[in-house]
Amino acid sequence: MASAAAAGSGDRAAAIADATAEPPYDVPDRYEDLDEVAATGDTLDDIRHGEAQQQQQQQQQQQQTPPPEEKAHEAVQVSRLATQLYTLSYLVFFSLLGTLARVGLSHLTTYPGAPTIFPTLWANVGGSLVMGFLAEDRKLFRHEWGGPSTYDRLLRKAAADEETATATATDGRGGGGGGGGPSIDLAAAKKAHLATKKTIPLYVGLATGFCGSFTSFSTFIRDVFLALSNDMVSPDLHGLSAPVRRSGGYSVMALLAVIIETVGLSLGAYRVGVHLGAALEPYTPSIPFRLARGVLDRLAVLLGWGCWLGAVFLAVFPPHDHWRGTVVFALVFAPLGTLARFYLAMLLNARRPSFPLGTFAANVLGTAVLGMAWDIAHSAAGGSGVLGCQLLQGVEDGFCGCLTTVSTWVAELSSLRRRSAYVYGTASVVLSTALMIVIMGSLRWTQGFAPLQCHP
C-alpha cells in the first residue's frame, strides 16, 4: 500500500510538472496579476512553489525522452516581445468590438416604454455573463501548449487510477485500503488550467479586452448620480423640458434601485456564465493550437492596429458628421482606456490581493474623468461647440467606458473572501458615487445641466 501511495503521489507530481512546464510564449511575470484572466484559483507560481521538489524529480526522469507536447512547443516558441505585441493587438481589437457592442446595445435598448431606462445595464449583464463563461470554460483553450490541456491529462490519469484500483479490488489484492480513489486532485487541475490561460494572448484579449470594454463601471455610477438628481430621462419623456419632480426620499430610492439592479444582475449573470461554461463543456469546440499561434495571433496584429487606424481616419474624414459623436470618437479613445486598465491591473493588483488596487484605481479614475467630461459638455457656456461635444462624448463612451469595468469587478467580488468582497465592493461604489456627487453635483445644483450641442 505504501508503494501504491508513493506511485500515486509521483503521478500527481508528474501531471503538475506538465502543467507548469515552460509555455510557448515568453510571458511577462506581471500577467499573473490580471484579475480579468485569473479571477479565481491559484496562480501558476503557487503551483510551482508548492510542487518544486516533485518537479525536479520528474524533470530528471524525462531528460532523455521529451514528450510530444514539448516538441510541438519548441516549434512555435514565441519571444517576449512578440508575446506582448500579440497581447496588445488583441486588447486593441477586442476593445473596439466591446465598445461597438456596448454602444449598439445601448441604442437598441433605448425605446419608448423600455422597462429599464439606464440601458448600460444590458451591457454590464452581458459582459459579466461572458466573463463567467470564460473563467469556467476548459474547452476553448484545451490545446494549451500544443498537447492536451492540463485538465484533460489529469482527468485521464484519475480515470486510469480508478480502473487500476477497481481491477486490484476485483482480483482480491486491494487489501481494503484507502487507495481506491483517484490520485489526482481535480480541483487543482481546474486551477492549473485557469492559471495557464493567462499565458495565452487570445484569452487575455477576450477577457480583458472584450468583456472589460463591453461593461462600464463609470457609466453605472453616472446613472447612479442621475437617478439621485432626478436627471435620468425616460425615453418617453424625450422632448419635455424637465423630468417630473419628486421628493428627495424618492431620489434616494431611485439611487438604490440603480445600484441593486446593476450589482445584483451583474453578479447573477456572472454565476450563470460559470454554470453555462460547465454545462456546455461537452459541446464547446476547441481552438486548434496551430491556428491560434500561427494564424490568429498574426491576424490580430493586422486587425487590431489596422482597425484603430481606420477609426482615426473615419474621425478625420467621416462619411456623416453624426457618426463622430455616436460611435467614431468612442472607437478612437477606446483602446487607450483598455490599455490603461491593463497596465494598472498588472502594476497594482498584486500589491494587496484582498483588495485589487489596479481595478479599483481604474474604476475610480474613469468615473472621475467621465464626470468632468459630462460637466464640460453640459455647461451653460457650452464651451465646446458641436465638434467639442462629440469629442467629449467619445471620451465618455470610449476612454472612460473601457478604462472602467463591471465584468472584472464582479469576477473579483465572486473570488474574494466574503469580508474582503464586501469591503472592496462597498468602497468602489461609495467612493465613486461621492466623487460623482462632487464633480457633477457642483454643476447640477448651481447652474443646472444645459442641453448637449453634439449635433448642428
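I count a residue as buried when its relative accessible area is under 20%. I keep in mind throughout that this is a predicted model.

**Serine 251**

I looked up serine 251 and got a relative accessible area of 6%, so the residue is buried. I then checked where serine 251 sits: it is part of helix α11, which runs over residues 248–279. What does serine 251 touch, leaving aside residues up to four places away in sequence? I found Ala227, Leu228 and Arg246. I also took a C-alpha distance from serine 251 to phenylalanine 225 and got 9.6 Å, with the two positions 26 residues apart along the chain.

**Aromatic pairs**

I asked for ring pairs next and got 12 aromatic pairs in the structure. I opened up one of them, phenylalanine 93 with phenylalanine 94: the ring centres are 5.4 Å apart and the planes stand at 65°, so I logged the pair as edge-to-face. The cut-off I needed there is over 60 degrees. Buried or exposed, these two, phenylalanine 93 and phenylalanine 94? Both came out buried. Following the ring pairs, I could link Phe93 and Phe94 with Tyr90 into a cluster.

**Cores**

I went on to the nonpolar cores. The largest has 60 residues, and I noted Leu134, Phe141, Leu202, Phe220 and Trp409 as the ones with the most contacts inside it. Another core lies apart from that one; it has nine residues, and I wrote down Leu96, Ala311, Ala315 and Val327 among them. I came back to tryptophan 409 for its neighbours, again skipping residues up to four places away in sequence: Phe217, Val263, Asn363, Tyr424, Gly425, Ser428 and Val429.

**Helix α17**

Tyr424, Gly425, Ser428 and Val429 from that neighbour list sent me to helix α17, residues 418–444. How far apart are the end C-alpha atoms of α17? I got 37 Å; 27 residues at 1.5 Å a residue should span 39 Å, so the two agree. I did find a bend in α17, about 25° at valine 438.

**Annotated spans**

I pulled the UniProt record, an unreviewed entry, which annotates "transmembrane region" over residues 85–105, 117–135, 200–228, 248–270, 299–317, 323–344 and 421–443. I checked two of these spans against the model. Residues 117–135 gave me 84% helix and 0% strand, with the end C-alpha atoms 30 Å apart. For residues 323–344 I got 100% helix and 0% strand, and 31 Å between the end C-alpha atoms.

Notes:
Residues are numbered from 1 along each chain as its sequence is written. This is a predicted model: local features need pLDDT of at least 70, side-chain atom pairs count only at pLDDT 80 or more; totals for chains, interfaces and linings use all residues. Side-chain values use heavy atoms; hydrogens and water are left out. Rings of Phe, Tyr and Trp (its six-membered ring) pair if their centres lie within 6.5 Å; planes under 30 degrees apart count as stacked, over 60 as edge-to-face and the rest as tilted. Buried means under 20% relative accessible area, exposed over 50%, partly exposed in between (1.4 Å probe, protein chains only). A nonpolar core is a set of buried Ala, Val, Leu, Ile, Met, Phe, Trp, Tyr and Cys residues joined through side-chain atoms within 4.5 Å. Contact means heavy atoms within 4.5 Å. Helices (H or I, at least four residues) and strands (E, at least two) are DSSP runs, numbered from the N terminus. The expected span of a helix is 1.5 Å times one less than its number of residues. The bend at a residue is the angle between axes fitted to the seven residues ending there and the seven starting there. UniProt positions are given in the numbering used here, feature names are shortened, and annotations may be inferred rather than shown by experiment.
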